[in-house]
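Here is a set of exercises to try with the structure open beside you. Take each task in turn, have a go, and then compare your steps with the worked solution.

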Amino acid sequence: MFFQRFTFLLLLTIAAAMPGNAAPYTAYLPLDHQYDPALPTPESVLGFGIGERHPRHDQLLGYLDTLANSSARVKLTEIGKTPQLRRQVLLTISSPENLENLDQLLTKRKDKAKNKNEPLVVWLGYSVHGDEISGSNAAMLVAYYFAASQHKDVSELLRNTLIVIEPSLNPDGMDRFVNWVTTHRGTTPNADANHIEHHQDWPTGRTNHFWFDLNRDWLLLTQIESRNRLKFFHHYQPHVVGDFHEMNTGSYFFQPGIPSRTHPLTPAGNVELTELLGGYHAKALDKAGRLYYSKESFDDFYYGKGSTYPDINGSIGILFEQATSRGLQQQGDNGLITFEFGIKNHVLTSLSTIKGAWENKQKLKAYRQQFYVQAETLANKENFNGYLISEPDDDYRLTAFLQKLAQHQIKVYPLAKHFDYKNKVYAKNSTYYIPLAQRQYRVIKALFNQQTNFQDNTFYDVSGWTLPLAMNIEFHPIKRNRRLELSKTPWKMTVKKRAVKVNVAVDNSAYSYAFDWHHFMAPKLLNQLLAKGVTARLATKRFVSVIDGQSRQFKPGSIVIAQGLQTIANWRDILVEASRQSQIELFSLTTGYTPKGIDLGSKSLKSIAPVKVLLIGGKGISQHEAGEVRFYLDDTLNIPVSTVEQDRLGKLDLSVYTHIILVDGNYEDIVQSSTDKLQSWIKRGGVVFAQKRAAKWLADKGILKAKFTAKDKLEALFDSKSLAYKDKKKLAGRKRIAGAIFASTLDLSHPLAYGYSRADLPVFKNSTQIMETLSLPFSSVAKYTAAPLLSGYADTKLVNEIANKTAIVAHNLNKGRVIATSDVMAFRGYWYGSAKLLANSLFFAKAFDVKF
């Protein structure tokens with residue numbers, strides 16, 4: 001039996017890996033194999049041994065490039081580039097014959113007919129968190145092993161197996177971490193956990209360029225690294241996926257996780273196969289004398305992770321967690337942990353994954369086949385046939401939603417004609433239908449799921465992530481009927497069609513020009529104009545203009561560019577080019593005299609000033625929430641964001657900034673003089689936006705005129721007197737909101753709500769920060785509804801406490817404005833619905849007037 005004769009050599013030492021002391025590559029691999037001497041070893045290319053120091057991403061790829069160029073068993077494919085232009089690659093390892101016919105093999109696997117001779121596909125992904133780098137180092141050894149081993153069992157395995165290795169899922173974060181530890185390591189190894197080597201600066205290497213956790217993005221696809229990967233994931237259709245990480249404490253973890261925290265969409269067969277493979281990991285670790293555990297700590301619920309996304313795509317996803325050395329070595333719970341030690345463990349379980357998959361390949365193939373057969377059966381048992389989705393006002397947001405579905409291989413059909421549903425007509429050009437009866441049934445259910453009741457109330461990550469709620473897309477589960485006529489072909493994005501969709505031509509003799517604010521990219525267009533010296537006005541009341549003989553209404557929030565206010569010569573050229581880039585239609589207005597509503601010289605058209613944004617970051621501040629704000633404003637809207645550490649706040653000249661944004665974090669270390677400086681800046685006309693603990697900090701300092709529900713009041717909601725010690729964790733789960741979606745109602749007349757056509761706005765809450773309703777009239781931009789929980793878990797007592805409270809508040813502070821929320825406006829980059837409130841806070845804050 002394959003691998004049966006394997007014996008494993010323990011590391012030569014668990015002491016520091018320094019020159020002359022590092023374990024050679026042979027110490028990580030099976031002893032009873034001969035290795036092709038013509039193939040390069042990792043240390044021969046790197047110039048140092050694996051575990052001796054932390055290689056940079058270019059050094060990692062340098063070795064893998066060399067290996068691929070030297071071995072007929074290895075094919076290296078570049079799948080894209082990161083935001084910092086580092087290469088993302090996949091290694092495919094198999095027999096030379098398979099690699100020569102790789103595309104044909106993969107295409108044939110997409111055939112629904114049973115194919116007993118199809119190759120086994122095992123995908124191993126390493127170090128999605130860039131500072132969990134033992135995985136990427138293990139990847140080099142695993143690649144070398146399968147390329148160089150001359151053992152007959154390896155040759156036999158490769159004749160019928162495709163091993164896919166993604167050596168670094170987060171190249172940018174990897175190099176951020178490597179640069180840190182390389183800078184701060186000493187000549188002599190230092191295992192002191194307090195040493196600076198083990199304590200990264202802000203932001204850490206865990207996140208990517210935009211400070212996003214890529215291990216939460218498989219489902220959401222906001223980051224380019226995830227989108228680059230996913231098309232190859234679906235092309236390869238792996239049977240097993242290994243996801244290799246590090247954790248702060250403990251020994252070594254492999255799935256299955258906590259049984260009660262497996263998502264109900266995951267088939268029971270998946271759990272059984274995960275347990276079956278777990279036996280192989282245990283055997284490998286037992287033989288090496290390593291400590292390990294399973295079925296604790298980690299769950300299998302949120303489908304946006306590397307070990308869970310495969311579970312709704314016919315694969316068996318397995319999470320591996322190694323206690324970290326977070327440097328060369330560090331004292332851990334079970335003694336000294338060295339970099340080598342962690343690498344060795346990941347090598348062991350990489351090989352055990354492949355061994356277990358190989359010895360159970362027929363079970364895995366049968367499972368995958370049955371997975372998709374079962375999907376259509378389950379779809380037919382539902383009490384509805386599919387989802388109707390519609391967004392008539394914002395083509396960008398609708399198209400972004402459709403693109404995400406398409407990337408998940410979900411078929412979506414345009415309507416062939418208008419559809420009447422519940423006394424509302426849905427236009428065919430902005431409405432689509434998603435049938436449940438298709439291969440990706442489980443993915444559809446995962447994206448649209450609004451579950452609020454759970455067997456286990458404790459979650460490692462979020463419990464609610466409903467995609468249409470996040471993107472504020474109207475959707476309805478419906479039964480198919482004859483009146484619903486669909487296109488025969490699924491929706492497909494065509495760039496050429498989109499490029500000519502809107503009219504950007506202008507009448508050079510026009511009195512003024514206008515564009516609507518309901519477009520998701522309208523803030524980008526406005527910022528481009530303001531930054532280049534074009535003067536714009538905000539309409540705070542409706543008006544009607546006659547355009548080409550037809551009356552057209554412009555809602556509050558419309559942007560007007562009047563000829564008479566411009567001071568630069570080429571302003572029309574700037575206007576047309578910016579409109580073309582943003583694909584937002586311009587309207588030429590021939591007169592300032594309107595047949596209805598305000599005239600274009602009215603005081604109700606407010607000035608809009610260019611913005612300069614300061615984002616407070618640094619130690620103690622959530623790098624994830626700061627990254628979400630930065631990504632939305634900088635990458636999506638192209639609004640520059642200056643990020644400074646909070647301890648530098650007192651040294652800055654705040655007068656050069658128009659807006660300051662504070663995300664969740666600990667602000668208690670900001671000295672009083674800096675707080676006074678911030679308050680003075682606001683009073684002179686600055687605008688501050690704060691969320692979660694930052695909002696509470698402003699309230700505690702008297703800057704935000706709001707009160708938050710006290711902790712002791714929340715504690716009093718839960719009676720713990722009658723509970724046993726075993727109930728402690730369950731009670732802790734009831735007291736927190738790990739991540740759920742709540743319903744709020746916008747005041748559509750408020751300037752901060754301009755551009756929204758529906759008052760219903762889902763918001764994301766992942767804390768128990770709750771603002772009390774202000775007695776100040778007109779200060780609530782949004783309030784939670786009476787029954788606010790839409791998706792995810794929150795204890796009924798907390799839901800009732802949140803009900804009818806203020807979600808977003810805004811008021812004056814002398815000449816300035818204070819805007820705050822207890823929620824996350826741009827959560828994980830896909831929360832398009834509430835993110836626009838951030839942009840509105842930049843451009844429309846001075847359009848409201850709410851004084852104490």
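The exercises below work through a predicted model.

**Exercise 1.** Decide whether helix 16 (residues 522-531) is largely enclosed or open, and find what covers its buried residues.

*Solution.* Begin with burial, where the cut-off is under 20% relative accessible area. Ala522, Pro523, Lys524, Leu525, Leu526, Asn527, Gln528, Leu529 and Leu530 are the buried residues of helix 16. That makes nine of its ten residues, so helix 16 is largely enclosed by the rest of the structure. Next, look for the covering elements: they include strand 16 (512-515), strand 20 (559-562), helix 17 (571-582), helix 18 (623-636) and helix 24 (832-843). Finally, step just past the end of helix 16, where glycine 533 has a positive phi of about 90°.

**Exercise 2.** Work out which way the side chains of strand 20 point, and which strands it is joined to by bridges.

*Solution.* Start with the side chains. Ile559 and Ile561 point one way, Val560 and Ala562 point the other way, and all are buried. Now turn to the neighbours. Strand 16 runs antiparallel to strand 20 and is joined to it by four bridges; here tyrosine 513 has isoleucine 561 as its bridge partner. Strand 17 (residues 537-539) is also antiparallel to strand 20, with two bridges between them, and leucine 538 stands opposite isoleucine 559.

**Exercise 3.** Find the residues with the most contacts inside the largest nonpolar core, and list what phenylalanine 515 touches.

*Solution.* The largest nonpolar core has 177 residues, and the most contacts inside it belong to Phe448, Phe515, Ile559, Leu633, Leu704 and Phe843. Helix 24 gives the largest share of this core, with seven residues. Now zoom in on phenylalanine 515, leaving aside residues up to four places away in sequence. Among its contacts are Ala522, Leu525, Leu526 and Leu529, which are buried residues of helix 16. Phenylalanine 515 also touches Ser558, Ile559, Ile561, Ile584, Glu585 and Leu586. As a last step, look for a second, separate core: one of 71 residues includes Leu67, Leu91, Phe177 and Ile354.

**Exercise 4.** Trace the strand order of the seven-stranded open sheet and identify its edge strands.

*Solution.* Follow the strands across the sheet: the order is 1-2-4-3-5-7-6, with mixed pairing. Strand 1 (74-81) and strand 6 each pair on one side only, and these are the edge strands. From one strand to the next, the twist averages 15°. For one pairing in detail, take strand 3 (residues 120-126) and strand 5 (residues 240-247), which run parallel and are joined by five bridges. Tryptophan 123 has valine 241 in strand 5 as its bridge partner.

**Exercise 5.** Locate the cis peptide bonds at proline 203 and proline 256, then examine the positive phi values of leucine 221 and glutamine 583.

*Solution.* Tryptophan 202 and proline 203 are joined by a cis peptide bond with omega of about -5°; proline 203 sits in the loop between helix 7 (171-184) and helix 8 (224-236). The bond from glutamine 255 to proline 256 is cis too, with omega near 25°, and proline 256 is in the loop between strand 6 (252-254) and helix 9 (268-288).

Now the phi values. Leucine 221, in the loop between helix 7 and helix 8, has a positive phi of about 60° although it is not a glycine. Its relative accessibility is 2%, so leucine 221 counts as buried. Glutamine 583 lies in the loop between helix 17 and strand 21 (587-589) and has a positive phi near 55°. At 18% relative accessibility, glutamine 583 counts as buried.

Note on methods:
Residues are numbered from 1 along each chain as its sequence is written. This is a predicted model: local features need pLDDT of at least 70, side-chain atom pairs count only at pLDDT 80 or more; totals for chains, interfaces and linings use all residues. Side-chain values use heavy atoms; hydrogens and water are left out. Buried means under 20% relative accessible area, exposed over 50%, partly exposed in between (1.4 Å probe, protein chains only). Contact means heavy atoms within 4.5 Å. Two strands pair if DSSP finds at least two bridges between them. A nonpolar core is a set of buried Ala, Val, Leu, Ile, Met, Phe, Trp, Tyr and Cys residues joined through side-chain atoms within 4.5 Å. Axes are lines fitted to C-alpha atoms, for helices over the stretch in contact, and angles run from 0 to 180 degrees between N-to-C directions.
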